[in-house]
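Hi there,

Here is the structure I promised to pass on to you. Have a look at it first, and then read on for what turned up.

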Amino acid sequence: ATGATPPAACPFLVSTRVQSCQAAPIAKLIPRSDDPACRCNGDAHRYCELFLERAHPHAEREAEPAADGTEVPIPPEVCCAPNHMWLDVGADGSCHVGVDAFLSRVVGPVDAVTFLSGRGPSAPSVVLTLVGAELPLAFPHPIDVTSVNAALRTHPGVLTADPYRRGWLFEGTILGEERGYGDPTVGLLRGGRARAWMRAEVRRLSEVVHGLLAERVADLGPTMADGGDFAEGLARYLDRRELLRVLSLFFVTPPPPGP
């Protein structure tokens with residue numbers, strides 16, 4: 001009726017802002033968060049599973065070699081470490097660490113991924129299990145790890161099948177000089193320098209494998225692709241001694257020199 005007093009709101013009712021993700025198959029409203037650590041609110045969304053499946057803005061970026069003749073592709077936004085791990089730093093300081101397409105091409109599908117680093121400041125470390133051998137990998141600089149790609153525990157093959165997107169290993173933020181840490185991109189390669197280094201790595205590995213197989217009596221078999229470059233999944237064609245030799249030369253980071 002006109003002039004009636006509106007009913008009072010329930011004293012236990014709490015109003016809040018909500019948001020939903022259009023990439024999700026079923027719309028679900030969740031409380032909105034302005035926390036910078038929330039993946040949806042910053043550059044970290046680029047590695048969200050839903051975003052990659054629905055938006056995939058760079059779905060083909062690693063599928064084709066670069067126009068300058070690089071055999072192993074490198075996305076322009078990543079920095080490469082000497083042990084073939086990569087770092088992608090977003091404009092907001094979020095970062096992701098993974099393995100590059102060179103390592104993926106050498107080892108092929110892995111049997112297991114074991115994370116050695118948990119949350120907090122650390123040099124992201126992992127152990128890959130492949131064809132009866134273990135490959136320890138450690139990123140050369142620390143980051144503030146906020147999560148690991150737990151999906152790789154049950155689907156380890158994604159690591160090397162999609163190394164620059166769904167196969168990422170660690171998510172975190174840059175620690176920064178204000179916390180007593182240096183620039184995590186120091187000593188890493190990017191752009192033209194990374195492509196030149198990758199071409200040299202392909203040549204070096206081919207020479208190493210040729211040398212190893214020259215010690216065999218049998219012919220080279222399927223270990224060399226057309227043109228003399230190493231074949232996809234090279235690891236499964238090498239015996240244990242040869243495999244450990246290749247892993248130690250290309251992917252195991254030597255410890256820093258003592259004082």
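Let me start with a small question: which residue in β4 is the bridge partner of Cys79? The partner is Leu87. Please keep in mind that this is a predicted model.

That bridge belongs to the pairing of β3 with β4 (residues 85-89), which is antiparallel and has two bridges. Both strands sit in an open sheet of six strands, paired antiparallel in the order β3-β4-β5-β11-β10-β7. At its edges are β3 (79-80) and β7 (120-122), each of which pairs on one side only.

Next, the helix α5, residues 191-214. Its 24 residues should span 34 Å at 1.5 Å a residue, and the end C-alpha atoms are 35 Å apart, so the two values agree. Buried residues of α5 include Ala194, Trp197, Met198 and Val202. The buried residues of this helix pack against the edge strand β3, as well as α2 (101-107) and α6 (240-250).

The α5 and α6 pair deserves a look of its own. Two packed helices are described by the distance between their axes and the angle between them. Here the axes of α5 and α6 come within 11 Å and cross at roughly 155°. Angles over 145 degrees count as roughly antiparallel, so α5 is roughly antiparallel to α6. The crossing is right-handed. On the α5 side, Glu201, Arg204, Leu205, Val208, Leu212 and Leu213 meet Arg241, Glu242, Arg245, Val246, Leu249 and Phe250 of α6. Among these α5 residues, Glu201, Leu205, Val208, Leu212 and Leu213 are buried.

Best wishes

Conventions. Residues are numbered from 1 along each chain as its sequence is written. This is a predicted model: local features need pLDDT of at least 70, side-chain atom pairs count only at pLDDT 80 or more; totals for chains, interfaces and linings use all residues. Side-chain values use heavy atoms; hydrogens and water are left out. Two strands pair if DSSP finds at least two bridges between them. Helices (H or I, at least four residues) and strands (E, at least two) are DSSP runs, numbered from the N terminus. The expected span of a helix is 1.5 Å times one less than its number of residues. Buried means under 20% relative accessible area, exposed over 50%, partly exposed in between (1.4 Å probe, protein chains only). Contact means heavy atoms within 4.5 Å. Axes are lines fitted to C-alpha atoms, for helices over the stretch in contact, and angles run from 0 to 180 degrees between N-to-C directions. Angles under 35 degrees count as roughly parallel, over 145 as roughly antiparallel, 65 to 115 as roughly perpendicular and the rest as oblique. A crossing is left-handed if the near helix is turned anticlockwise from the far one by less than a right angle, and right-handed if clockwise.
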